[in-house]
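This report introduces a protein structure to a reader who has not met it before. Please view the sequence and the model together before reading on.

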Amino acid sequence: MVITAVPEDASVEVPKHLSTASERPKWGSRGQFIMVLMGYAIGLGNIWRFPYMCGKYGGGAFMIAYLVSLFCIAAPLFVFETVLGHKYQLGPVGTFTNMYAPWAGVAYVSIIMTCVILTYYQALLGWAVIYFVQSFAAKLPWHPDECGGCTTGDYFGQTVLNAASFGDEGGWDVQGKLFLALMAVWFVTWLALIGGKNVLGKIAYFTVLFPVLLLVIIFCKAVTLEGASDGVAYYITPDMSHLTKANTWSAAASQILFSLSPAMGTAIAMSSYHEKSYDRLLQDNLVIICCNSCFSMFGGFAVFSIVGYLAEQRGLPVEQVASAGTGLAFDVFAEVLTLFPGGSSPFFSVCFFFMLLLLGLDSAFAFVETLQTYVVDFIQHKRPDLEITPKMNMMIVSALAFGLFLIGIVY
């Protein structure tokens, strides 16, 4: 293959619909861009997956594999995508088309991935809405005294989800409270996005920073619990033998790739709304990447302090209590919250589930904004002379939110 350099002053013909960078809306400030992408990166997986992976794959040894994967794989991809978006001042389709026209298909693959992830993600947040609302009760409704001696796992599966087997009659019925919770999540998402980039950027300050405060509150309580030190020890004690195992490296790479989520088109889309003259992109990337990993690591101390406490209460080893995903949030954490002394359970339950909601909504905001970028670029491709007004943007967001809400009902 022979690669011929193109002189800087060479004239390159760019399709009309791909030369509208000057008409694109711009971020109101550097902080807005950082907060939106930070919220995109810091999500549910930072709390309910990263700590469990650390404990399962050798504690400190997993962190070594995680950091190597971060600096060698995920961070370069993430930075590269933001550079591409800023350079071409276009969304994923326009960016890849400008690079090499047949590559446009790469960008369209991300649309399918984003829609699948987003619709399920919002359904998970609907579950968190239910727990958040129920946390305002004087006594948590999943406490054994309130639910007839049921376990938190039974309460989640039978009361919240009303789960049914495929063969059970009514297994495909729409559950009223889940439907309303999902609707509430999508309504909040819609409200945050209809005002445009600047409004979203301002909202992101709250939805990114307030979960940090809530995590600090939970951490301060968790480290005082009996057995917390055993949980933390399980979390950070290194077992270097895990570094010789392929599944440790695979888990570490998948965790950081899942968190920063390069190849989804979001980093390209968000960075395309910077001014062409913006020159602090590298510093912004370093802030986003470092804060994402620091939140995960700090969250692990809070999570395993609580897991250690539950293990102490059950008389079991920490590794038998540790869980990941929905099992951690709606079973392990839910049970621990019922055990907090002094009537503090509802307060910390509100803090925990509100934190989950905000972490998830941040990521959802960025996903929907990315899909909106795809739609706007497509419209400008078909109608280069058409001005994308705020009203039209609101219509696009509304259509996306409603359509994805309908798909999410399946979950």
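Setting aside its neighbours within four places in sequence, Thr266 is in contact with Leu37, Tyr40, Ala366, Phe367 and Thr370. The model in which these contacts appear is a predicted one. Thr266 lies in helix α12, which covers residues 266–271. Its relative accessible area is 0%, so Thr266 counts as buried, the limit for that term being under 20%.

**Salt bridges**

Side chains of opposite charge can pair when their charged atoms come close. Across the whole structure, a search finds five salt bridges. The table presents three pairs, which are among them.

| Basic residue | Acidic residue | N to O distance |
|---|---|---|
| Lys197 | Glu369 | 2.5 Å |
| Arg314 | Glu335 | 2.2 Å |
| Arg383 | Asp385 | 3.5 Å |

The side chains of Lys197 and Glu369 meet in a salt bridge with an N to O distance of 2.5 Å. This pair links distant parts of the chain, with Lys197 in helix α9 (residues 197–222) and Glu369 in helix α16 (residues 345–382), 172 residues apart. Both Lys197 and Glu369 are buried.

In the salt bridge between Arg314 and Glu335, the closest N and O atoms are 2.2 Å apart. Here too the pair links distant parts of the chain: Arg314 belongs to helix α13 (residues 281–314) and Glu335 to helix α15 (residues 326–339), 21 residues apart. Arg314 has a relative accessible area of 36% and is therefore partly exposed.

Arg383 and Asp385 form a salt bridge through their side chains, at 3.5 Å from N to O. Arg383 is classed as partly exposed because its relative accessible area is 43%. Asp385 has a relative accessible area of 59%, so this residue is exposed, the term applying to values over 50%.

**A nonpolar patch on the surface**

Which residues make the nonpolar surface patch of about 320 Å²? The patch is made by Ile64, Val68, Met240 and Trp249. Of these residues, Ile64 is found in helix α4, which spans residues 60–88. Ile64 is partly exposed because its relative accessible area is 36%, a value that also meets the requirement of over 30% for residues in a patch.

Key. Residues numbered from 1 in each chain as written. Predicted model: local features only at pLDDT ≥ 70, side-chain atom pairs only at ≥ 80, totals over all residues. Heavy atoms only, no water. Patch = residues over 30% accessible without salt bridge, like charges linked within 9 Å, V, L, I, M, F, W, Y side chains within 5 Å. Areas by Shrake-Rupley, 256 points an atom, 1.4 Å probe, with all protein chains shown as cover. Salt bridge = Lys/Arg side-chain N within 4 Å of Asp/Glu carboxyl O. Helix = DSSP H or I, 4+ residues; strand = E, 2+ residues; numbered from the N terminus. Buried < 20%, exposed > 50% of the residue type's maximum accessible area, 1.4 Å probe, protein only. Contact = heavy atoms within 4.5 Å.
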